[in-house]
Amino acid sequence: MDNQNIDVECFDSDPAAEKAPDQEAIRNGFYKNSTRVIVSYVAYLIGIKKEIFENDHEPPQMDVYELLEKDKNAKIVRELCRIRGAIERNFGIINRKMKYEYRTIMTMPELVPNDAIMYLAREGINIVKTKNRMLVDYIIDINHTICDRINNCSSLFPIWINWQYIRELFVMPNGLSPEGTKAASEKYYNNRPNYPYQMYINWESNEEQGNILFNDKKFVTLLYKQHDDEFSDLSKVTDAGARVKNNIYDFINESNRTILVVDCENSDPYKLIATLNNLDAEQIAKICKIMLYNDVHASSAWMLFNDFSKNIEVEHIMIERVKESKSLVDIRLTTGVCKEFYMNNVDSFIIASSDSDYWGLIESLPSARFLVMLEWEKCGPDIKSALESRGIFFCYIDDFCTGNSNDIKIIALVTAIKHYLDQSLSLNVNVMLDEVYRTTRVTMSEAECRQFYNKYIRPMHLVIDDNGDVSIELRSR
């Protein structure tokens, strides 16, 4: 099929310019096209029932539940929250049974989840200790254990979200005292419908906000608002809509052979990885190859692209410059596409670039099929108008959730830091010690030298001051 069968996508505003919503914006669907990953993690940890995850009409995702069930740190926090939530919901009846029927929480499976108590016991956390304890003591003990354990779950969340804001959801204010637990319980009872799935969390707002775990966009917006802060980068939690994705899938499925061609000078590696991560793996696996046309002045992250390409073959073409001021990426990409079309029977090309120069390439291959992935800030109105007039579908990689491109960003940063340190710091401690022994004229036995090395040299470490200046710290005695 030709390009006329693909819906053309165009937008009137830049999604990067979105701000925190007002009530009217909320009513008009501000929270649409959001991811549901963060809310699924939070839902699991606060102890929401498995049935909620299994229901396709509810936000929490079952694949996250299955993943976290294998994580001991997450499982422990979940079971603690399940027990605390059950006690908070049923405090009055549980307290009466303990007081007048001499029962323990272990003997009330209809009110307190026995499986959670038994799991924690197997992990060395004993909730049921004596028969004569007051119910408030159970809550205080659980609060204490949650405070001790919750930081073990920090690695589950990406670095772009404030972990302290997440952590505070699990910590009951003044929850290690009877007064604090009583105040939290009263607040919970007075606002129980406003708590997510009626599970207890440390949530300050008394407003009717609906399900705060409706999706990531809503949750992080309200979470930051709770702390008089604003979550500004909504691209982390906003994904392209189904129409955009389906058009991409249709383009691939209606092709004989599809290649993703990338102009590394005019495309963002992190956004492109995020785009691939947010597309159906089975669908994009039909792409035959990814061709990276790279330049020495482009991002160093392109060198890592192969590790994040969803098992699609990557051909990385590093293009040298004959003249330092002139890039040859455009001409090499153009000739490469023509070669694939005429010699390798590739009929369809996804071009990742915002460069209008490729319109000449598209015009010169009228029999080929094209789909273009652009960036908002790099793309002018002329190329978009030209694509629309030709019926060529284009989409913005800015629209795809960037929250799941965290891994390549961290690896790119660490790799660059190692490279910088290798260039800036060249030190061999054995050569250094030989020079030190010579200049100080200290004579020591081999055993003394070894002990000196283990005690003073091996523990030395970098110290970073408030200005970012680095020094090496050694023990002096």
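Across the whole of this predicted model, a search finds 17 aromatic pairs. Start with one of them.

**Stop 1: the Trp376 and Tyr396 rings**

Select Trp376 and Tyr396. Their ring centres are 4.2 Å apart and their planes meet at 15°, so the pair is stacked. Now colour by secondary structure. Trp376 sits in the loop between β5 (369-374) and α17 (381-390), while Tyr396 belongs to strand β6 (residues 394-396), so this contact ties together parts that are 20 residues apart in sequence. Add Phe394 to the selection. Its ring and that of Tyr396 have centres 6.0 Å apart and planes at 85°, so they pair edge-to-face.

Switch on the surface. Trp376 has 12% relative accessibility, so it counts as buried. Tyr396 has 1% and is buried. Phe394 is buried as well.

**Stop 2: an aromatic cluster**

Select Trp160, Tyr165, Tyr224 and Phe231. These four residues form one aromatic cluster.

**Stop 3: charges over rings**

Select Arg78 and Tyr44. The charged end of Arg78 sits over the Tyr44 ring, 4.8 Å from its centre. Next, pick Lys75 and Tyr119. Lys75 lies over the face of Tyr119, at 5.4 Å from the ring centre.

Keep Lys75 selected. What else is Lys75 linked to? Add Glu69, Glu79, Arg82 and Asp115: together with Lys75 they are linked in a network of salt bridges.

**Stop 4: salt bridges along the chain**

The structure holds 22 salt bridges. Three are worth a look here.

Go to Lys236 and Asp233. They form a salt bridge whose closest N and O atoms are 2.5 Å apart. Lys236 is buried, at 11% relative accessibility. Asp233 is partly exposed, at 30%.

Move to Glu254 and Arg369. Their side chains meet in a salt bridge, 3.6 Å from N to O. This pair links distant parts of the chain, 115 residues apart: Glu254 is in the loop between α12 (242-253) and β1 (258-263), and Arg369 is in strand β5. Buried or partly exposed: which describes Glu254? Glu254 is partly exposed, with a relative accessible area of 28%. Arg369, at 4%, counts as buried.

Then select Lys271 and Glu375. Here the salt bridge spans 3.7 Å, N to O. Lys271 lies in helix α13 (residues 269-277) and Glu375 in the loop between β5 and α17, so the pair ties together parts that are 104 residues apart in sequence. That loop also holds Trp376 from the opening stop. Lys271 is partly exposed, with a relative accessible area of 23%. Glu375 is buried, with 4%.

**Stop 5: strand β2 and its partners**

Select residues 289-295, strand β2. How many of its seven residues are buried? The count is seven of seven. Both faces are covered. On one side, show Lys289, Met291, Tyr293 and Asp295, which are all buried. On the other, show Ile290, Leu292 and Asn294, also buried.

Now add the neighbouring strands to the view. β1 and β2 run parallel, joined by five bridges. For a landmark, pick Leu260, which stands opposite Ile290 in β2. Then add strand β3 (residues 314-319), which pairs with β2 in the parallel sense over six bridges. Which residue of β3 is the bridge partner of Met291? Select Glu315: that is the partner.

Key: Residues numbered from 1 in each chain as written. Predicted model: local features only at pLDDT ≥ 70, side-chain atom pairs only at ≥ 80, totals over all residues. Heavy atoms only, no water. Phe/Tyr/Trp six-rings, centres within 6.5 Å; stacked < 30°, edge-to-face > 60°. Helix = DSSP H or I, 4+ residues; strand = E, 2+ residues; numbered from the N terminus. Buried < 20%, exposed > 50% of the residue type's maximum accessible area, 1.4 Å probe, protein only. Lys NZ or Arg CZ within 6 Å of the ring centre and 35° of its normal. Salt bridge = Lys/Arg side-chain N within 4 Å of Asp/Glu carboxyl O. Pairing = 2+ DSSP bridges.
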